[in-house]
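Colleague: Before I use this model, I would like to go through a few of its labels with you and ask what each one rests on.

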Amino acid sequence: MSEDKAAVNQDQAAPAKSKGSKNRRKSRELALKALYRNRMNAGDVKQLRLDSLDDPDYFKADETYFKQLLTGVLDHTADIDAMISQFIDRQLEELSPIEHAILRISGYELMFDVSIPYRVAINEGVELAKAYGGIDGHKYINGVLDKIAAQVRPHEFKR
């Protein structure tokens, strides 16, 4: 009987794990929307979080990760922007607000959240750019994030 219980527990655990990654993707999407709103209508973190409650995907997201990501990006904006500016071919202000927000989110994950493998941070940024960015924006995002990863995670990044 204990083997049956273990099998049931494993079956229950497996969907939760796959759901978790979906939740983090939704968290990144919510953070992207909040950062975009912040750039368009400067607001405080508390208001950005409250506004995010209206998003239909909010309850599909990992709320804790969303809050960590949003707060982390806003707390480290200057450092993240300084890193991004080293690897772009224009001024930060000339980036589209969506691309800038995506670079900040993935830049935060690369620079300050080593629990996220660099390839995951880059891939998630590229996926956000495909979903929300311009036609070839994902290629630009990928190039910039590759350079950031090589700089901040040389032990993980292999050319």
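Colleague: Which elements of the protein have the lowest and the highest mean pLDDT?

Modeller: This is a predicted model, in which local features need pLDDT of at least 70 and side-chain atom pairs count only at pLDDT 80 or more, while totals for chains, interfaces and linings use all residues. Residues are numbered from 1 along each chain as its sequence is written, and side-chain values use heavy atoms, with hydrogens and water left out. With pLDDT being the predictor's confidence in each residue, from 0 to 100, helix 1 (residues 2-40) has the lowest mean, 60, and helix 4 the highest, 97.

Colleague: Over which residues does pLDDT stay under 50?

Modeller: Over residues 1-21, for which the model has zero contacts (heavy atoms within 4.5 Å) beyond four places in sequence. Where pLDDT is low, the predicted coordinates should not be read in detail.

Colleague: What makes helix 6 roughly antiparallel to helix 7?

Modeller: The axes of helix 6 (residues 118-132) and helix 7 (residues 137-152) come within 8 Å and cross at roughly 160°. Angles over 145 degrees count as roughly antiparallel, and therefore helix 6 is given that label relative to helix 7. Their contact includes Y118 and I122 of helix 6 and I141 and L145 of helix 7.

Colleague: And why are helix 4 and helix 5 called roughly perpendicular?

Modeller: Helix 4 (residues 77-85) and helix 5 (residues 97-112) pack at about 100°, with axes 9 Å apart; the range for roughly perpendicular is 65 to 115 degrees, so the label applies to helix 4 and helix 5. Among the residues that meet there are I80 and M83 in helix 4 and L103 and Y108 in helix 5.

Note on methods
Axes fitted to C-alpha atoms, helices over the stretch in contact; angles between N-to-C directions. Helix = DSSP H or I, 4+ residues; strand = E, 2+ residues; numbered from the N terminus. Parallel < 35°, antiparallel > 145°, perpendicular 65-115°, else oblique.
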